[in-house]
Amino acid sequence: MTKPAFAHILNVEDVRRAARRRLPRGLFEYIDRGSEDEISISGNRRQLDAIRLAPSVLVDVSQRSLEAEILGQAQPLPLVIAPTAMAGLVWHDGEIALAKAAARAGIPFCVSTQSITSVERIAAESGAKLWFQLYVWKNRQRTLALIDRAWAAGAETLVLTVDTAVGPNREYNLRNGFGIPLKASVRAGIDLMLHPRWTASVMLRSLLASGVPTYAHYPDEFRTQLGRSSLSDELNLAADVTWEDVRLLRQRWKGKLILKGILRVDDALTALSHGVDAIVVSNHGARNLDCAPGPTEVLPAIVAAIGGRMEILADSGVRRGADIARFLALGASGVLIGRATLYGVAIGGSDGAGRVLDLLTHELNVTMGMLGARNLADLRRC
């Protein structure tokens with residue numbers, strides 16, 4: 001049943017507008033925008049809109065199933081909540097809120113390396129099926145210790161992000177004064193005063209509970225408040241990550257291994273040769289490289305080349321249930337949702353994220369009915 005507070009929220013764009021009103025401008029733009037001229041962020045939308053799906057008529061669709069199998073596990077929806085940094089600033093304990101929404105929906109939640117809440121707390125308090133996203137640090141031994149920690153906490157799948165070799169160029173962060181480390185400024189102070197609900201319910205609550213937030217997965221001796229620079233170069237993101245690191249992770253990690261950020265056929269085939277269980281065809285939601293292709297441009301060729309030998313997931317730009325159907329019709333077996341559920345958490349914690357998942361589920365169900373698709377395998381593009 002829809003909670004009264006969300007009765008007016010009818011689609012993801014409604015959620016996005018509500019999140020924009022609630023969050024400080026710098027924080028909202030950090031999660032909402034792209035990079036440089038933001039050509040790719042609008043390109044993702046245009047490319048998804050251009051995909052037409054082929055309806056089959058006079059089909060009995062009275063019983064439709066949205067059930068999917070991802071990495072050998074049956075689940076009620078073909079979705080995974082993607083790893084997103086800063087969820088713990090969007091809502092108090094935002095990562096736990098996202099994980100609880102995922103648990104209620106019966107889908108996995110992927111914990112970010114840069115989570116403000118530890119994977120141990122998320123596991124203990126959410127009951128969710130957890131994946132863990134990895135950025136490789138310069139110190140590889142500390143990186144391996146981190147994935148050991150994630151495994152011990154119950155994460156079953158490791159997601160290596162491979163499309164962030166260097167920091168992206170996000171000029172709007174410089175203009176609005178938002179960045180890590182957080183810096184005090186007149187502009188930031190005004191932003192906080194203009195958003196008193198967020199300031200009181202998130203920032204002040206965090207300060208009173210545990211002080212200035214930190215990245216929870218950094219080793220204790222190197223953990224710093226988000227308002228301070230890193231104490232060690234060891235934990236900076238490595239720019240020299242190669243297929244040798246994939247080989248090392250494959251040897252060390254006991255569960256499923258996914259590479260997130262693949263956009264080329266040759267990279268997909270190399271991942272297959274390294275024993276990777278799945279890839280995510282993604283351009284990082286157009287947040288990193290503004291001249292990158294959209295995932296829908298390259299997904300069909302990657303699917304054709306892999307030929308069912310490795311699982312293929314996709315993400316970037318999902319705003320409607322029809323977008324999920326489009327990715328599935330192109331050959332993906334599942335879809336990761338990032339910004340959409342993050343907007344939901346911003347307006348209502350776990351219930352807000354749950355509202356987004358309910359909306360996307362309803363839209364996908366209606367789309368399937370209109371297409372004459374009784375299950376996900378029946379989805380076809382024109």
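Here are short exchanges on a predicted model.

Trainee: Where does UniProt place the feature "active site"?
Mentor: The label comes from the UniProt record, in an unreviewed entry. Such annotations may be inferred rather than shown by experiment. The position given is His284.

Trainee: Is histidine 284 buried or exposed?
Mentor: Histidine 284 lies in the loop between strand E8 (278-281) and helix H13 (295-306). Its relative accessible area is 15%. Buried means under 20%, so histidine 284 is buried.

Trainee: Which residues is histidine 284 in contact with, leaving aside neighbours within four places in sequence?
Mentor: Contact needs heavy atoms within 4.5 Å. With the sequence neighbours set aside, the partners of histidine 284 are Tyr135, Thr161, Asp163, Thr164 and Ser316.

Trainee: How many aromatic pairs does the structure hold?
Mentor: Ring centres must lie within 6.5 Å to pair. By that test the count is four.

Trainee: What kind of aromatic pair do tryptophan 137 and tyrosine 218 form?
Mentor: A ring pair is described by the distance of the centres and the angle of the planes. For tryptophan 137 and tyrosine 218 the centres are 5.3 Å apart and the planes make 80 degrees. Over 60 degrees counts as edge-to-face, so this pair is edge-to-face.

Trainee: How many residues apart are tryptophan 137 and tyrosine 218?
Mentor: Tryptophan 137 is in the loop between strand E5 (130-134) and helix H7 (140-153). Tyrosine 218 is in the loop between helix H10 (196-210) and helix H11 (243-252). The pair links distant parts of the chain, and the separation is 81 residues.

Trainee: Are tryptophan 137 and tyrosine 218 buried or exposed?
Mentor: Tryptophan 137 has a relative accessible area of 1%. Tyrosine 218 has 10%. The cut-off is under 20%, so tryptophan 137 and tyrosine 218 are buried.

Trainee: Which residues do ring pairs link into a cluster with Trp137?
Mentor: Ring pairs join Trp137 to a cluster. The other members are Tyr215 and Tyr218.

Trainee: Which residues does glutamate 29 touch, not counting residues up to four places away in sequence?
Mentor: Glutamate 29 belongs to helix H2 (residues 25-32). It is buried, at 9% relative accessibility. Beyond its sequence neighbours, glutamate 29 touches Tyr172 and Asn176.

Trainee: How many disulfides does a search of the whole structure find?
Mentor: A disulfide needs two cysteine sulfur atoms within 2.5 Å. Cysteine 110 is buried at 1%, whereas cysteine 291 is exposed at 66%. Across the whole structure, the number of disulfides found is zero.

Note on methods
Residues numbered from 1 in each chain as written. Predicted model: local features only at pLDDT ≥ 70, side-chain atom pairs only at ≥ 80, totals over all residues. Heavy atoms only, no water. Buried < 20%, exposed > 50% of the residue type's maximum accessible area, 1.4 Å probe, protein only. Helix = DSSP H or I, 4+ residues; strand = E, 2+ residues; numbered from the N terminus. Phe/Tyr/Trp six-rings, centres within 6.5 Å; stacked < 30°, edge-to-face > 60°.
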